[in-house]
Amino acid sequence: MKPIIALLIPVFLLTGGLLACVGQTQQNSQVTASREPKATDSPGGRRVVKTNAEWKKILTADQYAVMREKGTERAGTSPLNRNKEKGVYACAGCRNPLFSSAAKFESGTGWPSFYEPIAKNAVHEEHDRSYGMDRVEILCSVCDAHLGHVFDDGPKPTGLRYCMNGVALSFEKK
Ligand SMILES: [Zn+2]
């Protein structure tokens, strides 16, 4: 009997491990499905369209690299990261209100993080498959500026983490 039991124990452990993996995979695919990009209108149907040359005149070099060329600012470099004042974070390119300070939280990532946009149509979502990752990109719904990405590991009530480039945001104190 003993050798059989000794054989069965690793089998049970292996099966349990496999089931746990499958459970994890199913959970992840559900989460991914719920994060399918959604096409939305902009608040008031407002649109700001400019040529790259025009954006270069308005934005700083750092803002242009992030907002028009989908760059990422270095973590921990934005003063807005530590900003705890009440107000609204708007798009630095077109002043479209994006996030309320009420939805800001400390994510520990080094980028300003929010659990929801100020209005559902304040931002657009798109698939971003660059760098071998499948992420959901967040863009300003008025001027299409790249702002950052959204992830599923945020706090309640939404469970979302809007990971934003501080350089793309303009804080308007209330
Ligand atoms: Zn904008």
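User: How many aromatic pairs does a search of the whole structure find?

Analyst: Four aromatic pairs turn up. Keep in mind that this is a predicted model.

User: How do I read one of those pairs?

Analyst: A pair of aromatic rings is described by the distance of the centres and the angle of the planes. Take Tyr89 and Phe114: their ring centres are 5.0 Å apart and the planes sit at 65°, so this pair is edge-to-face. Tyr89 belongs to strand β1 and Phe114 to strand β4, so the pair ties together parts 25 residues apart in sequence.

User: Is Tyr89 buried or exposed? And which aromatic cluster includes it?

Analyst: Tyr89 is buried, at 0% relative accessible area, and Phe114 is buried with 0% as well. Both rings are part of one aromatic cluster with Phe99, Tyr162 and Phe171.

User: On to the metal. Which residues are the protein donors of the zinc ion?

Analyst: The SG atoms of Cys91, Cys94, Cys140 and Cys143 do that job, 2.3 to 2.4 Å from the zinc ion. Along the sequence, the donor residues follow the spacing C-x2-C-x45-C-x2-C.

User: Why is the arrangement called tetrahedral?

Analyst: Look at the angles: the four donor atoms subtend 99 to 115° around the zinc ion, which makes the arrangement tetrahedral.

User: What surrounds those cysteines?

Analyst: Cys91 and Cys94 are both buried. The largest nonpolar core has 28 residues, and Cys91, Cys140 and Cys143 are among those with the most contacts inside it. Elements giving two or more residues to this core include α3, β1 and β6. Beyond its neighbours within four places in sequence, Cys143 touches Arg47, Val48, Trp55, Arg68, Cys91 and Cys94. As for Trp55, the charged end of Lys50 sits over its ring, 5.8 Å from the centre.

Key:
Residues numbered from 1 in each chain as written. Predicted model: local features only at pLDDT ≥ 70, side-chain atom pairs only at ≥ 80, totals over all residues. Heavy atoms only, no water. Donors = N, O, S within 2.8 Å, 3.2 Å for Na, K, Ca; no water. Tetrahedral: all angles 85-135°; square planar, octahedral: opposite > 155°, others 65-115°. Buried < 20%, exposed > 50% of the residue type's maximum accessible area, 1.4 Å probe, protein only. Core = buried A, V, L, I, M, F, W, Y, C linked by side-chain atoms within 4.5 Å. Helix = DSSP H or I, 4+ residues; strand = E, 2+ residues; numbered from the N terminus. Contact = heavy atoms within 4.5 Å. Phe/Tyr/Trp six-rings, centres within 6.5 Å; stacked < 30°, edge-to-face > 60°. Lys NZ or Arg CZ within 6 Å of the ring centre and 35° of its normal.
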